[in-house]
Amino acid sequence: MTILGIETSCDETAAAVVRWRGSDVPGEILSNAIFSQIEDHAPFGGVVPEIAARAHVEHLDGLIARALKDAELGWDDLDGIAATAGPGLIGGVIVGLMTAKGIAAARGLPFIALNHLEGHALTVRMTEALPFPYLLLLVSGGHSQLLVVEGVGRYRRLGTTVDDAVGEAFDKVAKLLGLGYPGGPAVERAARDGDPSRFPLPRPMRGRPGCDFSFSGLKTAVRQVAESLDFLTDRDRADIAASFQCAAADVLSDRTENAMALASETIPPGHRRLVVAGGVAANMLLRERLMVSAHACGYEFVVPPLNLCTDNGAMIAWAGAERLALGLTDPIDAGPRARWPLDPDAAPARGAGVKA
Ligand code: KG4
Ligand code: ZN
């Protein structure tokens with residue numbers, strides 16, 4: 001099957017064509033066109049939803065045409081079309097979803113209204129044909145979750161953030177330090193020359209039972225440190241960025257170790273794999289730390305290549321193909337959703353104003 005995937009839930013406009021040859025073989029990415037709106041949002045220090053939606057309108061048609069051209073395919077070669085239907089910034093989601101519906105209706109193609117998080121969750125099946133089940137740490141701008149991925153559409157949440165998502169914390173720390181947007185890569189770059197032990201920052205939740213996260217106290221502590229210095233030099237910025245990144249990695253690896261212990265009750269030896277996905281999975285320190293944790297807990301460590309960690313169209317096309325292969329298509333009136341948990345049965349995290 002050859003599937004067109006459309007992604008417009010945040011600040012990347014993306015369209016990709018992926019070929020699916022079975023659930024036990026990797027997918028083939030025939031094209032992966034992406035337009036990053038960084039320049040549009042940079043002057044505002046973060047994503048402005050209305051600007052994002054308008055930019056999606058402006059660029060999406062051209063990106064779809066390019067995705068087909070790069071794949072050397074025409075409309076007749078497609079077997080289905082998938083678009084992110086949420087969670088995300090609703091204006092942008094509507095742009096991608098309505099475009100996909102228009103194409104599906106005009107071409108008589110099966111249509112899949114996809115959960116963006118499922119796109120992240122299943123990416124490793126496209127890259128490595130990873131079998132179910134596996135443990136997933138999903139870390140992005142809006143989400144920090146630990147889930148057992150049991151199958152397509154079958155997720156069991158072990159933990160989530162009780163306040164901010166980790167990507168959000170990276171973005172806010174970058175803004176605070178004047179490192180610009182997007183925050184995650186900027187903090188990582190600044191931290192390269194920094195001393196991670198100069199500022200003793202808190203490690204919220206570390207050592208506690210369970211798999212939930214909290215990042216807002218860490219973010220506040222970073223602000224207090226920054227405000228305690230009269231003037232931020234480049235050295236101060238680098239040291240704060242490194243101290244924050246190290247604290248975040250400590251917390252994430254501690255909670256993930258608890259999740260591995262918990263998941264081992266149901267995932268048999270030989271099947272124990274830790275997958276990290278979402279934009280923050282592009283962070284090198286985090287990858288190294290989680291690999292060490294995984295091996296210490298008897299888990300294989302699997303992470304998608306960098307360009308498939310952050311938002312892209314291929315992950316949407318692939319997850320759409322996985323659904324289509326199971327006959328899981330959606331009606332043409334499927335609506336956009338600002339919020340859409342992968343595990344709707346999960347109880348809210350304790351003490352939470354939960355965002356994830
Ligand atoms: O998955 P993603 O592209 O979009 C969402 O679905 O949210 O994730 C974006 C998030 C942003 O918060 C960004 O700052 C963070 O991922 N991010 C990183 C890095 N690259 C992107 N965080 C830490 N280190 C990175 N290298
Ligand atoms: Zn994402």
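These questions and answers go through a predicted model, from its zinc site to its sheets, helices and loops.

Q: Which residues coordinate the zinc ion (ligand 2), and at what distances?
A: Two histidines and one aspartate supply the donors. Along the chain these donors follow the spacing H-x3-H-x190-D. The atoms are NE2 of His 116, NE2 of His 120 and OD of Asp 311, at 2.0 to 2.1 Å.

Q: How many residues apart are His 120 and Asp 311?
A: Both coordinate the zinc ion (ligand 2). His 120 sits in helix H4 (residues 116–128). Asp 311 sits in the loop between helix H10 (306–309) and helix H11 (313–325). The pair links distant parts of the chain, 191 residues apart.

Q: Is Asp 311 buried or exposed?
A: Buried means under 20% relative accessible area. His 120 meets that cut-off with 2%. Asp 311 has 14%, so Asp 311 is buried.

Q: Which strands are the edge strands of the sheet with the order E3-E2-E1-E4-E5?
A: This is an open sheet of 5 strands with mixed pairing. An edge strand here pairs on one side only. Neighbouring strands are turned by 20° against each other on average, direction ignored. The edges are strand E3 (28–36) and strand E5 (111–115).

Q: What is the bridge partner of Ala 83 in E5?
A: Strand E4 (residues 80–86) and E5 run parallel. They are joined by 5 bridges. In E5, the partner of Ala 83 is Ala 113.

Q: At what angle does H4 run to E5?
A: Helix H2 (residues 49–70) lies across strand E1 (2–7), strand E2 (12–19) and E3, at about 25° to E2. H4 lies across E1, E2, E3, E4 and E5. Its direction makes an angle with E5 of about 100°.

Q: Which strands stand at the edges of the sheet with the order E8-E7-E6-E9-E10?
A: This open sheet also has 5 strands and mixed pairing. Its twist averages 25° from one strand to the next. Each edge strand has a single partner strand, so one side is left without a neighbour in the sheet; the two are strand E8 (154–160) and strand E10 (300–302).

Q: What is the bridge partner of Val 148 in E8?
A: E7 and E8 pair over 6 bridges. The sense is antiparallel. In E8, the partner of Val 148 is Arg 156.

Q: What angle does the direction of helix H9 make with that of E10?
A: H8 lies across E6, E7, E8 and strand E9 (273–277), at about 155° to E6. Helix H9 (residues 284–296) packs on the sheet too, touching E6, E9 and E10. Its angle with E10 is about 155°.

Q: Which elements do the buried residues of H5 pack against?
A: Helix H5 (residues 166–176) has several buried residues, including Val 166, Phe 170 and Val 173. Just after H5, Gly 178 takes a positive phi of about 70°. The buried residues pack against strand E6 (134–139), strand E7 (144–151), helix H6 (183–191), helix H7 (216–228) and helix H8 (234–263).

Q: At what angle do H5 and H6 pack?
A: Their axes lie 7 Å apart, and the crossing is left-handed. Phe 170, Asp 171, Val 173 and Ala 174 of H5 meet Gly 183, Gly 184 and Val 187 of H6. The contact residues divide into 4 nonpolar, 2 polar and 1 charged. The packing angle is about 65°.

Q: What distance separates the C-alpha atoms of Phe 213 and Thr 160?
A: Phe 213 lies in the loop between H6 and H7. It is buried, with a relative accessible area of 0%. Leaving out residues up to four places away in sequence, Phe 213 touches Thr 160 and others, among them Leu 137, Met 205 and Val 251. Phe 213 and Thr 160 are 53 residues apart along the chain, with C-alpha atoms separated by 5.9 Å.

Q: What distance separates the C-alpha atoms of Ala 282 and Cys 309?
A: Ala 282 is in the loop between E9 and H9. Not counting residues up to four places away in sequence, Ala 282 touches Glu 188, Arg 287, Leu 306 and Cys 309. Ala 282 and Cys 309 are 27 residues apart along the chain, and their C-alpha separation is 6.0 Å.

Definitions and conventions
Residues are numbered from 1 along each chain as its sequence is written. Chains are lettered from A and ligands numbered from 1 in the order in which they are written. This is a predicted model: local features need pLDDT of at least 70, side-chain atom pairs count only at pLDDT 80 or more; totals for chains, interfaces and linings use all residues. Side-chain values use heavy atoms; hydrogens and water are left out. Donors are N, O and S atoms within 2.8 Å of the metal (3.2 Å for Na, K and Ca); water is not among the atoms, so sites may look incomplete. Helices (H or I, at least four residues) and strands (E, at least two) are DSSP runs, numbered from the N terminus. Buried means under 20% relative accessible area, exposed over 50%, partly exposed in between (1.4 Å probe, protein chains only). Two strands pair if DSSP finds at least two bridges between them. Axes are lines fitted to C-alpha atoms, for helices over the stretch in contact, and angles run from 0 to 180 degrees between N-to-C directions. Contact means heavy atoms within 4.5 Å. A crossing is left-handed if the near helix is turned anticlockwise from the far one by less than a right angle, and right-handed if clockwise. Ala, Val, Leu, Ile, Met, Phe, Trp, Tyr, Cys and Pro count as nonpolar, Asp, Glu, Lys and Arg as charged, and the others, Gly among them, as polar.
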